Amino acid sequence: MRAAASRLAERVVLGTHRAGELALAVSEATSNLAKHAVAGSILLRVVRSAQCAGIEFLAMDDGPGIADVPASMRDGRSTTGTLGIGLGMIARLADTFDLHSIPGQGTVMLARFWPRNTPPRPVDASTARTRPVVEGLTRTISGGRECGDGWTFRWDNADQALLVMLCDGLGHGPLAQRASHTAIRAFRTSTSGSPENIMQDIHHALAATRGAAVAVARIEPAQGRVVFCGVGNIATAVVTPTSKAALLSLPGIAGHQIRPLSAFTSALPPGSTLVLHSDGLSERWNPKTFPDLFRHSAAVIAGHLLRSTGKHHDDASVAVAKGLW
């Protein structure tokens, strides 16, 4: 894993010193998984700002969890006889760090690294603090190489709204992946800002594929609401730390057979989170079983949901949006 991190760092020109710090942090995270976890994984990926590219990793495990996270971050604290410098060191090295652990269930840790001399800056700093953040994860079926699930988003500058799309190509393998990629391309190239019109564009684009379940959500932070249009088995919910309100998707398969499209509007309570996921995750989860999770970053929320409710006999995807509403 350290070698993979080094190769990515070289590809995005992270810088020699910063690449070394990333490799050290990844090594510590891998060591923690080996020492404590029953099962675990580390996801490495490139992230981009308006000026530069960086690298983040997400470590997820099904280990015993951490009963006292603040104490575990202090240097010298160890349960395995080591120096106990791992978590604190990772937090100090990373530009962005977030960790959430549930005793008896597992831990998810996010660390993001940017080039040291090029701090990330949003495209429009005047609106950055009012924009929601969206993060997501996909995972292939066990033994698979192509993922039929996908997600993406785009910002509507004219109306200050965030558009999020998640899709699940019918079946598995390369044909499902082709359907998913087609849906993503249609979403990105659509000139409409309304979920039902975007869905219509996606439906037409998918006609030459095997089709997909698709959901499109339009988040309007200033109005504190989400406008939603879904076709097929995509689960979407407005979530607070103690509640989960599902949004209605229509029956059908985008690209083949859909009913007349309708969009539904739902309130976004202050501090709430919008979650979309395919049927590669079980719908039978409740925010109350994840204490304090929905106060954390969108990426850590997505990681916990995939870790705990994802099905290994199916492609899986989850997208999480949260922000100032």
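In the predicted model, Asp168 stands opposite Ala213 of strand S8. Asp168 falls within strand S7, which spans residues 161–169. S7 and S8 pair in the antiparallel sense, and eight bridges link them. Strand S8 itself covers residues 212–220. Nine of its nine residues are buried, so S8 is largely enclosed by the rest of the structure.

The burial of S8 extends to both of its faces. On one side lie Ala212, Val214, Val216, Arg218 and Glu220, all buried. On the other side lie Ala213, Ala215, Ala217 and Ile219, and these are buried as well. In a regular strand, side chains alternate between the two faces of the sheet. Ala213, the residue opposite Asp168, thus belongs to the side that also holds Ile219. The charged residues Arg218 and Glu220 sit on the side with Val214 and Val216.

S8 also pairs with strand S9, residues 225–231. This pairing is antiparallel too and runs over seven bridges. Ala215 has Gly230 of S9 as its bridge partner. S8 and S9 form a hairpin with four residues between the strands. In this hairpin, Gly224 takes a positive phi near 65 degrees.

Gly230 also serves as a reference point for a loop residue, Ser262. Ser262 lies between strand S13 (257–258) and strand S14 (264–267). In sequence, Ser262 and Gly230 are 32 residues apart. In space, their C-alpha atoms are 8.6 Å apart. Leaving aside residues up to four places away in sequence, Ser262 touches Phe228, Cys229 and Leu250. Phe228 and Cys229 fall within the range of S9, residues 225–231. Ser262 has a relative accessible area of 34% and is therefore partly exposed.

A separate description applies to an open sheet of four strands. Its order is S1-S2-S4-S3, and the pairing is antiparallel. Strand S1 (40–48) and strand S3 (96–102) are the edge strands, each pairing on one side only. Neighbouring strands of this sheet are turned against each other by 10 degrees on average, direction ignored. Strand S2 comprises residues 53–61. S1 and S2 pair in the antiparallel sense over nine bridges. Ile42 has Ala59 in S2 as its bridge partner. Helix H1 packs on the sheet and touches both S1 and S2. The direction of H1 makes about 5 degrees with that of S1. The connection from S1 to S2 is a hairpin of four residues.

Helix H1 (residues 2–11) also meets helix H2 (residues 16–36). Their axes come within 9 Å and cross at roughly 155 degrees. H1 and H2 are therefore roughly antiparallel to each other. Their crossing is right-handed. From H1, the contact involves Arg2, Ala5, Ser6 and Ala9. From H2, it involves Ala19, Leu22, Ala23, Leu24, Val26 and Ser27. The contact residues divide into seven nonpolar, two polar and one charged. Arg2 is charged, whereas Ala5 and Ala9 of H1 are nonpolar.

Technical notes. Residues numbered from 1 in each chain as written. Predicted model: local features only at pLDDT ≥ 70, side-chain atom pairs only at ≥ 80, totals over all residues. Heavy atoms only, no water. Axes fitted to C-alpha atoms, helices over the stretch in contact; angles between N-to-C directions. Helix = DSSP H or I, 4+ residues; strand = E, 2+ residues; numbered from the N terminus. Parallel < 35°, antiparallel > 145°, perpendicular 65-115°, else oblique. Left-handed = near helix turned anticlockwise from the far one by under 90°. Contact = heavy atoms within 4.5 Å. Buried < 20%, exposed > 50% of the residue type's maximum accessible area, 1.4 Å probe, protein only. Pairing = 2+ DSSP bridges.
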